[in-house]
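Please keep the sequence and the model side by side while you go through this note, and look up each place as it is named.

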Amino acid sequence: MKFSALALPFVVLMDIVVFVSFIMWQHESVYEFEQRQLDLQVNYAIDAATQEMLENSSHLSTDYADWGSMVVEPEVALDTYLAVLVRNFGWGDTVKTREELLDTSIPFFTVATYDGYYIYCKQKDTETINGVTQDVYTQKWTPKIPYSEVIKNGSNWIYYMYNLGDDTYGTYNGTVLKLDNKISTGQNAGSYNRSRVVIAEALTDACTTAMYSALEGKTNVEWIIPASYSEWSNSRSIERPSVLTYISRSD
């Protein structure tokens, strides 16, 4: 009986450790399941948004000699993304639920097109109430922003504008705009490799800045869009029209 009395606390302690470990494992399993489910929901909505944008923009202006040269409407992608996502969440697809999802969970929405990108994000604006003008930050679309860089050539500055395709690029020297320069090899401005780097850096900076601005810096997520496929991060480069976004939910 003496030894039984001494062993009882250890048995109780082991029971407590096993019970706590089971609870922690259960919580972790539920979290991983919900995270995986959210991944599937978001990825499905992204695929639908991209397909709908490419198929149903009202003025594609497609050049069949160069299939990548097309004008898309980013609003089509955003509308489709919201419609699919609210249904996946089991919500009613109403204006109110879409606005709530945008305001609380989607810091930005980027549409990468053939010759530039649009981003739906918080931007500085002004509003006047009772005669008082003040700064406000509202979500709205930017104009199309080109994938570009500026290189100094002697006393002149040359603007290089790249495309997702690999055939041509544009230049502007302050007086002459030329959009059909043939892409070259190597690493210099005007080369295919350089265009991949400029496009990746432009999209990375845009997404990171928009996310930090919307979340007021309250995130440790870092965007990395590589210029080519990266085995280290298992990330692919942007080579054709794409949608990039981020979802942040308190639950």
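The points below take up confidence, the two cores, one helix and the main pocket, in that order.

1. Please bear in mind throughout that this is a predicted model. The protein chain averages a pLDDT of 81, and 81% of the residues score at least 70. Among the elements of the chain, strand 1 (residues 108-112) has the highest mean pLDDT, 93, whereas helix 1 (residues 2-56) has the lowest, 70.

2. One stretch calls for particular care, since pLDDT stays under 50 over residues 59-68. The model does place 16 contacts beyond four places in sequence for this stretch. Where pLDDT is low, however, the predicted coordinates should not be read in detail.

3. The largest nonpolar core holds 25 residues, and those that touch the most other members are Phe108, Tyr147, Leu203, Trp223, Ile238 and Leu244. At least two residues of this core come from each of strand 1, strand 2 (117-129), strand 5 (156-162) and helix 4 (192-214). Helix 4 supplies the largest share, with eight residues.

4. Leu203 is a useful residue to select in the viewer if you wish to see how this core is put together. Apart from its neighbours within four places in sequence, Leu203 is in contact with Thr110, Ala112, Tyr117, Tyr147, Ile225, Ile238 and Leu244. There is also a second, separate core of 24 residues, which includes Ile46, Leu85, Ile106 and Tyr120.

5. Is helix 2 (residues 74-88) mostly covered or mostly open? It is mostly covered, as eleven of the 15 residues of helix 2 are buried. Among these buried residues are Pro74, Thr80 and Tyr81, as well as Leu82, Ala83, Val84, Leu85 and Val86. The helix reaches 21 Å from its first C-alpha to its last, which is close to the 21 Å expected at 1.5 Å a residue. After helix 2 comes Gly90, whose phi is positive, near 80°.

6. The largest pocket has a volume of about 700 Å³. Of the 22 residues that line this pocket, Val42, Asn43, Trp223, Leu244 and Thr245 are the closest to its centre. Helix 1 and strand 8 (242-245) each supply at least two residues of the lining, and helix 1 gives the most, with seven residues. When you describe this pocket, please recall that helix 1 has the lowest mean pLDDT among the elements of the chain.

7. Two residues link the points above and deserve a second look. Trp223 and Leu244 are among the core residues that touch the most other members, and Trp223 and Leu244 are also among the lining residues closest to the centre of the largest pocket.

Terms used. Residues are numbered from 1 along each chain as its sequence is written. This is a predicted model: local features need pLDDT of at least 70, side-chain atom pairs count only at pLDDT 80 or more; totals for chains, interfaces and linings use all residues. Side-chain values use heavy atoms; hydrogens and water are left out. pLDDT is the predictor's confidence in each residue, from 0 to 100. Helices (H or I, at least four residues) and strands (E, at least two) are DSSP runs, numbered from the N terminus. Contact means heavy atoms within 4.5 Å. A nonpolar core is a set of buried Ala, Val, Leu, Ile, Met, Phe, Trp, Tyr and Cys residues joined through side-chain atoms within 4.5 Å. Buried means under 20% relative accessible area, exposed over 50%, partly exposed in between (1.4 Å probe, protein chains only). The expected span of a helix is 1.5 Å times one less than its number of residues. On a 1 Å grid over the protein atoms alone, a cavity is a set of points where a 1.4 Å probe fits but cannot get out, and a pocket is an open set with protein on both sides within 12 Å along at least five of seven lines; lining residues have an atom within 4 Å of a point. Grid points are joined across faces, edges and corners, and a volume is the space filled by probe spheres set on the points.
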